[in-house]
Amino acid sequence: REGFDQRHVGACGDCRFGASREYSRTQAEYVLKDFFGEYPPAGFESSQFSSTESGAFLAGRYQSTRRGRVIDVYFRLRDRNDKWEVREIIIRTEPR
């Protein structure tokens, strides 16, 4: 399999933010644009990755330039033609 293809981020099947709100693919694109506008990226560090033949799970910490904020992010991926495709994104923006 090739590595994760970033252009699939806007095409996730199910994106959840905050209190388990779900968005369609089209809505998710706008929500993600707003998120990255509010929390500009400074970095991402993966903390967990596991995979099967048909899918994978990736957890990590997203660092934002906004006051050094660190946000927990989880991805559920699936294998599509030997490329990872995002099926679900969970972003935990509430404080721990």
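Biologist: Arginine 61 has a relative accessible area of 30%. How do I read that, buried or exposed?

Modeller: Neither: arginine 61 is partly exposed (under 20% is buried, over 50% exposed and in between partly exposed, with a 1.4 Å probe and protein chains only). This is a predicted model, where local features need pLDDT of at least 70, side-chain atom pairs count only at pLDDT 80 or more, and totals for chains, interfaces and linings use all residues. Residues are numbered from 1 along each chain as its sequence is written, and side-chain values use heavy atoms, leaving out hydrogens and water.

Biologist: Which residue does arginine 61 meet in a salt bridge?

Modeller: A salt bridge puts a side-chain nitrogen of Lys or Arg within 4 Å of a carboxyl oxygen of Asp or Glu. Here, arginine 61 pairs with aspartate 72 at 3.2 Å, N to O. Arginine 61 sits in strand S4 (residues 55–64) and aspartate 72 in strand S5 (residues 70–80), so the pair ties together parts 11 residues apart in sequence. Aspartate 72 is buried, at 9%.

Biologist: And how many salt bridges are there in the whole structure?

Modeller: Seven. One of them joins arginine 80 to glutamate 85, with the closest N and O atoms 3.6 Å apart. Arginine 87 also bridges to glutamate 85, at 3.9 Å. Through shared partners, Arg78, Arg80, Glu85 and Arg87 form one network.

Biologist: Glutamate 85 in that network: buried or exposed?

Modeller: Buried, with 10% relative accessibility, while arginine 80 is partly exposed at 43%. Across the protein, 34% of the 96 residues count as buried.

Technical notes: Helices (H or I, at least four residues) and strands (E, at least two) are DSSP runs, numbered from the N terminus.
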